[in-house]
Amino acid sequence: MYFGCTKTKQNPLLDYRDNPIDFASVTAYHISEATNNVLSKADQNLKKIFRVKNSDRTYNNTLLPLDNLGNIIDNVWGPTSLLSFTHPNKEVRKAGLEASQKVEEYLNSLSVNEKLYNAIYSFSQSSNGLGLQNIEKKHLTDTLRDFNRSGFGYGKKIRTRVKDILDQLSKLSLKFEKNISEARDTLFLSGKHLKGLSIDYCESRKKEENLYAIDLSYPSYYSFMQYAESDSARKELRYMYWNRASSVNISVLDSLILLRNQLSEVLDYQSFADYSTETLMAENAATVWEFESSLHEMIMPKALEDYDKMLQVKSEITGGYESTIESWESARYEHLLKLKKYKLDSEKVSEYFELYQVVEGLFEICNRLFGISFKQIE
């Protein structure tokens with residue numbers, strides 16, 4: 001079995017270039033081969049960085065190769081990560097998860113790589129590094145910050161502990177998502193509970209005479225919650241949806257919370273929320289809470305107004321005074337309110353959003369907002 005750096009013929013994950021990936025032909029072997037291929041290429045980029053003398057370091061021979069390293073990995077990691085949760089073949093999904101775990105552990109090892117940190121830090125202290133401007137300066141600042149988030153400045157013992165926690169978090173996070181994606185809970189209902197749903201929806205889920213299988217996939221679940229008239233069926237489906245994989249994920253979640261708290265404590269953050277928001281625009285948890293509080297105050301009057309309108313619709317349907325919209329009722333009564341007040345049916349509207357027009361509209365919006373123009377490359 002060959003896992004070198006040369007592109008292997010007919011591996012859809014390596015040979016697609018600018019063409020769409022042929023996902024249908026991807027095998028577990030392709031995923032393993034492509035992952036090893038890009039990690040080997042990443043190592044080559046790393047060696048190029050290390051070969052540069054500290055006195056000769058520039059943005060182009062130090063930071064740019066590190067950025068390219070991430071891009072090389074992402075070109076394969078992105079598609080394989082998608083396959084690990086969506087491919088119908090169990091072996092392909094398993095290979096995708098193993099590849100993601102391998103990539104994340106590789107990236108975690110880079111985050112605590114002292115030789116790499118010294119190369120970046122040395123560049124930051126040089127005249128070339130100190131003279132950076134704009135996006136290049138931000139790139140350097142963010143890179144050093146990320147090293148600090150991995151324990152630099154705390155000693156090797158702490159970095160080793162951080163690496164261990166990050167590896168465990170990667171493994172548990174993938175396990176949590178795998179359990180969710182592989183949950184096959186299904187609600188079996190008789191025909192009377194499907195009133196309000198389209199003929200196509202019902203026929204595609206019919207198992208036998210007057211028995212229908214409602215799974216928890218996006219199109220199945222959300223259509224049911226919006227259009228089904230049966231309150232009891234919507235309630236049962238909502239409970240099932242909120243508890244997907246709960247029997248196996250509760251312990252995983254407990255471990256994730258524990259490890260996240262340990263990570264924030266080891267690195268002297270007040271909470272994991274502060275750790276996780278540091279790289280975002282908010283920068284800390286306090287800013288997030290402040291934003292949410294101000295947003296709550298601003299939208300509450302309109303939210304209450306809409307809630308009252310939904311209650312009116314519910315009262316008209318039940319024939320009594322209603323004061324509560326339950327969680328399993330909100331999508332249903334929001335749909336009925338739009339239909340009654342605005343003559344708006346989401347399913348009917350979607351028929352007018354032809355793919356080409358949507359893409360062109362998206363391009364136009366990006367052009368107006370950000371000044372970005374798009375040109376097709378043949």
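Select Ser246 to begin: this residue is partly exposed, with a relative accessible area of 29%, where buried means under 20% relative accessible area, exposed over 50%, and partly exposed in between (1.4 Å probe, protein chains only). The model before you is predicted, so local features need pLDDT of at least 70 and side-chain atom pairs count only at pLDDT 80 or more, while totals for chains, interfaces and linings use all residues. Residues are numbered from 1 along each chain as its sequence is written, and side-chain values use heavy atoms, with hydrogens and water left out.

Ser246 is found in helix α11; helices (H or I, at least four residues) and strands (E, at least two) are DSSP runs, numbered from the N terminus. Now add Phe123 to the selection: from C-alpha to C-alpha, Ser246 and Phe123 are 48 Å apart in space, and they are 123 residues apart in sequence.

Stay with α11 (residues 246-266) and select Ser264, which lies in that helix and is buried, with a relative accessible area of 2%. A polar atom of the Ser264 side chain lies 2.8 Å from the backbone oxygen of Asn261, and such a polar contact is a pair of N or O atoms within 3.5 Å; within protein, one must be able to donate a hydrogen and the other to accept it, and residues adjacent in sequence count only if both atoms are side-chain atoms. Not counting residues up to four places away in sequence, Ser264 touches Tyr269, Ser271 and Phe272, contact meaning heavy atoms within 4.5 Å.

Next, select α4 (114-125). What should the twelve residues of α4 span at 1.5 Å a residue? The expected span is 16 Å, and the end C-alpha atoms are 16 Å apart, which agrees; this expected span is 1.5 Å times one less than the number of residues. At the start of α4, a side-chain oxygen of Asn113 reaches to within 3.0 Å of the backbone nitrogen of Lys115.

Colour the buried residues of α4, which are Leu116, Tyr117, Ala119, Ile120, Phe123 and Ser124. They cover an arc of only 160 degrees around the axis, which puts them on the same side of α4, the arc being that of the directions from the helix axis to the C-beta atoms. An α-helix has 3.6 residues a turn, so residues three or four places apart point the same way. Among the elements that cover the buried residues of α4 are α1, α2, α3, α5 (127-130) and α6.

Leu116 deserves its own selection: leaving aside its neighbours within four places in sequence, Leu116 is in contact with Leu46, Ile49, Phe50, Leu66, Leu110 and Phe147. Leu116 is also among the residues that touch the most other members of the largest nonpolar core, which has 22 residues; a nonpolar core is a set of buried Ala, Val, Leu, Ile, Met, Phe, Trp, Tyr and Cys residues joined through side-chain atoms within 4.5 Å.

Move on to the strands, where β1 (residues 186-189) and β3 (residues 211-215) run antiparallel and are joined by four bridges; two strands pair if DSSP finds at least two bridges between them. Here Phe188 stands opposite Ala213 in β3.

Finally, select Ala245, in the loop between α10 (231-242) and α11. Is Ala245 buried or exposed? At 10% relative accessibility, Ala245 counts as buried, and although it is not a glycine, Ala245 has a positive phi of about 55 degrees.
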